[in-house]
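In this notebook I record what I looked up about charged side chains and their pairing. My entries follow the order in which I went through the structure.

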Amino acid sequence: MRMGSPGPARGAAVAVALLVAAAGCYRRPPVGEPLAGAVEATFADSVPAVLAAAAQALSDEGLSLQAYDDRRAFVESRLVAIRQLNHLTVAAESYVGPDQTVRFRFIARRTFGASRLYGEVTYEPYPDAGRRGERAAAADNPARAVLARMMARIDERLRRGER
């Protein structure tokens, strides 16, 4: 029996199998668990108060809420094109990348007499994959500046005692 190199069809099948396996390696944490790279802040307020302040920050930016879940302690916006966000720089107008349509999400957790808030900007590179396909937006994405502004607004609102 002669041993030779695999034929082109077999080589292509192996390559496809490896790509599928590699794509399946990434697992987005379940909703309610922050993605790696999420912005964190700790507040002396309760989780419900922090979550309400986060929802108000989304509203202040003119974003519609997709979900507000008290039980899993998260609030998120609907998908929005970064060109529609308020007060962005010229860089946002010309930004090209796969993450031009983003979602903002805030996740709150109790921690030693305080609350930790995680803020994320996500996008869906494969829209048909749903939440499992979400990825964190790149650090240079203009929407990250909006997230920083919202985190500052949440801090300010909680310091003033607004709910």
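Entry 1. I began with Glu120, which counts as buried because its relative accessibility is 3%, and buried means under 20%. I noted that this is a predicted model. I then looked up where Glu120 sits and found it in strand E6.

Entry 2. I asked which residue forms a salt bridge with Glu120. The partner is Arg105, and the closest N and O atoms of the two are 3.0 Å apart. Arg105 belongs to strand E5, residues 101–111, and Glu120 to strand E6, residues 114–123. The pair links distant parts of the chain, the two residues being 15 apart. I also checked whether Arg105 is buried or exposed. Arg105 counts as buried, at 0% relative accessibility.

Entry 3. I looked for other contacts of Glu120. A polar atom of the Glu120 side chain lies 2.4 Å from the backbone nitrogen of Leu35.

Entry 4. I next asked which residues are linked with Arg105 and Glu120 in a network of salt bridges. The network also includes Glu76, Arg103, Glu124 and Glu134. As a general remark, I wrote down that side chains of opposite charge can pair when their charged atoms come close.

Entry 5. I asked how many salt bridges a search of the whole structure finds. The search finds 13.

Entry 6. One of the salt bridges I examined joins Arg153 and Glu61, with 3.0 Å between the closest N and O atoms. I looked up where each partner lies. Arg153 is in helix H4 (residues 143–159), whereas Glu61 is in the loop between helix H2 (47–60) and strand E2 (65–69), so the pair ties together parts that are 92 residues apart in sequence. I then compared the accessibility of the two partners. Arg153 is partly exposed, with 24% relative accessibility. Glu61, with a relative accessible area of 4%, is buried.

Entry 7. Finally I examined the side chains of Arg160 and Glu156, which meet in a salt bridge with an N to O distance of 2.5 Å. I asked whether Arg160 is buried or partly exposed. Arg160 counts as partly exposed, at 48% relative accessibility. For Glu156 I noted a relative accessible area of 43%, which also makes this residue partly exposed.

Notes
Residues numbered from 1 in each chain as written. Predicted model: local features only at pLDDT ≥ 70, side-chain atom pairs only at ≥ 80, totals over all residues. Heavy atoms only, no water. Salt bridge = Lys/Arg side-chain N within 4 Å of Asp/Glu carboxyl O. Helix = DSSP H or I, 4+ residues; strand = E, 2+ residues; numbered from the N terminus. Buried < 20%, exposed > 50% of the residue type's maximum accessible area, 1.4 Å probe, protein only. Polar contact = N/O pair within 3.5 Å; in protein donor to acceptor, adjacent residues only side chain to side chain.
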